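Student: Could you take me slowly through one part of this protein, and then show me how that part fits with the spaces around it?

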Amino acid sequence: MNTDSLRKLWKTVFGDSDAFLDGFFRIAFSPERCNYLEENGEAICALYWFDCRFQGGKLAYIYAVATHPEHRGKGLASRLMEETHGHLQRLGYAGTVLKPAQGLFPFYERLGYATSGYIRRFSAKADTVPAAIRELSATEYGRLRCGYLPDNAVIQDGITLEFLHTFAKFYASDDALLCVGREEPVIFEYLGNPHSATGILASLSIDSAEIPTIGSEIPFTMYHPLNCTKIPGYLGISLE
């Protein structure tokens, strides 16, 4: 497997920085969790997945589905997804989950996906009194996070959180957890008491934010069953 070719395709399609790609290929990449199509030795379509859990079964969170611009319109992504579904089913995965980019829900519906996970967003402005917060390791965040999740949530931990930690930080207050971007004051996930958000924003020197949390208002993720028909709910950590 030519990882340089995979990296080149990723950068062409998504435009992520070299630092971001360094983190992915150092921490998160595995040949066993990647599938791709190539032409003349170059990757032209690729995808990756992270292992996660749902009620005792193993799910694959499919991530970074990419087709080179010169090869779009040929059905390559559909073909690669279908091949990957068959491969994961043979490996015993219960199903696959993904976070579609804007406008791609219909595309994944045609591949057998249905909307499964939802979120809500609320607005908050920093209080004048900062809250007491502490920074967490990826392992701590994963452990504490389970206590805030609903019963139908997808459990993400291990390599997923270690990779996320390369471009985000984790924090806890007395009654909330959150994940915040390192470079920009973007909140990726907030769990717990929403009324605590104003003090937390003050502690992080963030004036205001649109904050994603558990809810039922905004379609967020989609699910495709493989070896299990149970449908998962909340998957709050999107790496997209």
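Tutor: What follows is a close look at the helix α1, and then at the pocket and the cavity. Please keep in mind throughout that this is a predicted model.

Helix α1 runs over residues 3-14, and its twelve residues, at 1.5 Å a residue, should span 16 Å; the C-alpha atoms at its ends are 16 Å apart, which agrees with that expectation. Within α1 the buried residues are S5, L6, L9 and W10. Seen down the axis of the helix, these buried residues fall within an arc of 140 degrees, so they line one face of α1. A general point helps in reading such a pattern: an α-helix has 3.6 residues a turn, so residues three or four places apart point the same way. The face of α1 turned away from the buried side carries D4 and K8, which are exposed. As for what covers the buried residues, the cover includes the helix α2 (18-28) together with the strands β1 (34-39), β2 (42-54) and β3 (57-67).

Two of these elements, α1 and β3, also appear among those that give two or more residues to the lining of the largest pocket, and this pocket encloses about 1,300 Å³ of space. Of the 49 residues that line the largest pocket, the closest to its centre are F14, D16, Y63, L239 and E240. Besides α1 and β3, the elements giving two or more residues to the lining are α2, α3 (76-90), α4 (105-109), β9 (187-192) and β11 (218-225). The largest share of this lining, six residues, is supplied by β3. Sorted by class, the pocket lining holds 28 nonpolar, eleven polar and ten charged residues.

L239, which is one of the residues closest to the centre of the pocket, leads to another helix, since T160 touches L239 as well as F50 and D51, leaving aside residues up to four places away in sequence. T160 itself sits in helix α6 (residues 159-164). With a relative accessible area of 2%, T160 is buried, because anything under 20% counts as buried.

The last residue of α6, L164, brings us to the enclosed space, where L164 is among the residues lining the largest cavity. The count comes to one cavity of 30 Å³ or more, and the largest cavity has a volume of about 40 Å³. Alongside L164, the lining of this cavity is made by C179, F188, E189, G236, I237 and S238, and by class the lining has four nonpolar, two polar and one charged residues.

Methods: Residues are numbered from 1 along each chain as its sequence is written. This is a predicted model: local features need pLDDT of at least 70, side-chain atom pairs count only at pLDDT 80 or more; totals for chains, interfaces and linings use all residues. Side-chain values use heavy atoms; hydrogens and water are left out. On a 1 Å grid over the protein atoms alone, a cavity is a set of points where a 1.4 Å probe fits but cannot get out, and a pocket is an open set with protein on both sides within 12 Å along at least five of seven lines; lining residues have an atom within 4 Å of a point. Grid points are joined across faces, edges and corners, and a volume is the space filled by probe spheres set on the points. Ala, Val, Leu, Ile, Met, Phe, Trp, Tyr, Cys and Pro count as nonpolar, Asp, Glu, Lys and Arg as charged, and the others, Gly among them, as polar. Helices (H or I, at least four residues) and strands (E, at least two) are DSSP runs, numbered from the N terminus. The expected span of a helix is 1.5 Å times one less than its number of residues. Buried means under 20% relative accessible area, exposed over 50%, partly exposed in between (1.4 Å probe, protein chains only). The arc is that of the directions from the helix axis to the C-beta atoms. Contact means heavy atoms within 4.5 Å.
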